[in-house]
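Please open the structure in a viewer and keep the sequence panel visible. The tour below proceeds by selection, with a short account of what is found at each stop.

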Amino acid sequence: MLFYLIFCSSLVFFFKSFSFKQLQPIKGGWRLLSLLWSPWFWEDFSCSLVDMFHKGWLAIGFFEVPIQMPMKKMKMNLGSRELEQVEDVQTSLLDLPDLALETILERLSPAGLCSMAKVCSSLRGMCMSDHLWEKHLKQKWGKVIGEVAYKEWQWRMAMASRKKPTSLLNQNSQKGLLGTLGSFWPFPWSKPKFQSRTKPKTCFQIDSIMALYMSLETGKFWFPAQVYNRENGHVGFMLSSYDAQLSYDSGTDTFLARYSPYGRRTIEENICWGRIRAPPIDNPADVLYVSNCLDDLRPGDHVEIQWRRSREFPYGWWYAVVGHQEFCVGNANCCHCHDSDMVILEFNQYSPGSQWRRTIINRKGHQEEGNEADGFYGGIRKLYGEEEISRWKQLWPKRVLE
């Protein structure tokens, strides 16, 4: 309707500006019809339209809509060719119903939410809502951060609130999306100058989901997670997963990992998303996991077992499959391996003659077993989900290991 009014008003304006000396004899109701059929009208109309665009009199944007848009109610009198402005009404984005406005904000990206939050204090409070950022946090970070990372974040925020406020974000060193996030407020603990003290709900909360998202994006938060095939798939770590502290690098879309100080290397760079997972259980890397699935293990089950080279090193989780006893022919109808106290674990990524191919554990009162030559085996975790199993298979080495 707005465009129709603009077009009609523009049409009347053109009528005023044209020279209709040749049409003066035409009177009554035939005047407008004859005018539209006249070749001089369309010639003058096209020239005047081009002239208006050149002078900037008419500009219609199809992709940019201002926050406040004037709406004019027009009235036209074709007989006198007069344009009368009746009323000027201001319509604001905040005039939308709450449900409609929430729907718009839910469709914005993290950078879009930060940009929208700069418009006014009302939108700032809405754009910082946890339920908006929770969706973005889950979509991008849900598979690499878990309960352990959340607990670490809460602990750090509790400690930071007791100390002198410092910045989690360095806006000068960020670009693109990170620049947008960092420039939202360079100091998360400080209140913006334009923020009224009477509205604490719009103040940036250091324990909010938005703050967690921003800290992850900028790499300021080193979060606990696990890395598959550490040291870029070194043969000594194939089909294993080790605890590490990770920091995200937005420039390369990869991660930097810091492992335990005990081991061959403590830092690894350029780790892709596919090699990272959230810790499936909250168990420190140097603590033996108490297994609760030993009585249920049967041949063909997929498991992860703790293993470490020596007692000075932390445990890593290694993928294995429960195998058959030596006396068993492998026939499911007559197999009684699950009745034995001994459980065979096979690491099929190694060749049949390798010392790492298989190991035997006791399901009754299982504790750490092993020696300095073969390493030490710890707790066992049975895998029930197809997603976990398929992810290990995707990491399978291209050749058999010795």
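**The whole chain**

Begin with the entire protein chain: among its contacts between residues at least 6 apart in sequence, 58% join residues at least 24 apart. The model on display is a predicted one. Coloured by secondary structure, the protein chain shows 12 helices and 13 strands. Of its 402 residues, 40% count as buried.

**First stop: helices H7 and H10**

Select residues 130-141, which form helix H7, together with residues 209-217, which form helix H10. Two packed helices are described by the angle between their axes and the distance between the axes. Here the angle is about 35° and the axes lie 8 Å apart. The crossing of H7 and H10 is left-handed.

Which residues make the contact? On the H7 side, display Asp130, Trp133, Glu134, His136, Leu137, Lys140 and Trp141. On the H10 side, display Ile209, Met210, Leu212, Tyr213, Leu216 and Glu217. Taken by class, the residues of this contact comprise eight nonpolar, one polar and four charged.

Keep H10 selected and show the molecular surface. How many of the residues of H10 are buried? The count is nine of nine, and H10 is described as mostly covered. The buried residues of H10 include Ala211, Met214 and Ser215. After H10 comes glycine 219, with a positive phi near 80°.

**Second stop: helices H4 and H7**

Return to H7 and add residues 98-106, helix H4. The axes of H4 and H7 come within 10 Å and cross at roughly 30°. H4 is therefore roughly parallel to H7. This crossing of H4 and H7 is right-handed. The contact is formed by Glu102, Leu105 and Glu106 from H4 and by His131, Leu132 and Lys135 from H7. By class, the contact of H4 with H7 consists of two nonpolar, one polar and three charged residues.

**Third stop: the cysteines**

Now select cysteines 114 and 127. A disulfide is a covalent bond between the sulfur atoms of two cysteines. How many disulfides does a search of the whole structure find? The search finds zero. The closest cysteine sulfur to that of cysteine 114 belongs to cysteine 127, and because the two are 8.4 Å apart, they are too far for a bond. Cysteine 114 is buried, at 1% relative accessibility.

Move on to cysteine 328 and cysteine 337. The sulfur of cysteine 328 has its closest cysteine sulfur in cysteine 337, at 3.7 Å, which is also too far for a bond, given that a disulfide requires sulfur atoms within 2.5 Å. Cysteine 328 is buried, with a relative accessible area of 16%.

**Fourth stop: positive phi**

Most residues other than glycine have a negative phi. Select glutamate 231 in helix H11, residues 230-233. Although glutamate 231 is not a glycine, its phi is positive, about 60°. Its relative accessible area is 8%, so glutamate 231 counts as buried.

Continue to leucine 239, in the loop between H11 and strand E4. Leucine 239 has a positive phi near 60°. Is leucine 239 buried or exposed? At 0% relative accessibility, leucine 239 is buried.

**Last stop: threonine 359**

Finally, select threonine 359 in strand E11, residues 358-362. At 13% relative accessibility, threonine 359 is buried. Leaving aside residues up to four places away in sequence, threonine 359 touches Val343, Ile344, Leu345, Phe347 and Tyr377.

Methods
Residues numbered from 1 in each chain as written. Predicted model: local features only at pLDDT ≥ 70, side-chain atom pairs only at ≥ 80, totals over all residues. Heavy atoms only, no water. Axes fitted to C-alpha atoms, helices over the stretch in contact; angles between N-to-C directions. Helix = DSSP H or I, 4+ residues; strand = E, 2+ residues; numbered from the N terminus. Left-handed = near helix turned anticlockwise from the far one by under 90°. Contact = heavy atoms within 4.5 Å. Nonpolar A, V, L, I, M, F, W, Y, C, P; charged D, E, K, R; others polar. Buried < 20%, exposed > 50% of the residue type's maximum accessible area, 1.4 Å probe, protein only. Parallel < 35°, antiparallel > 145°, perpendicular 65-115°, else oblique.
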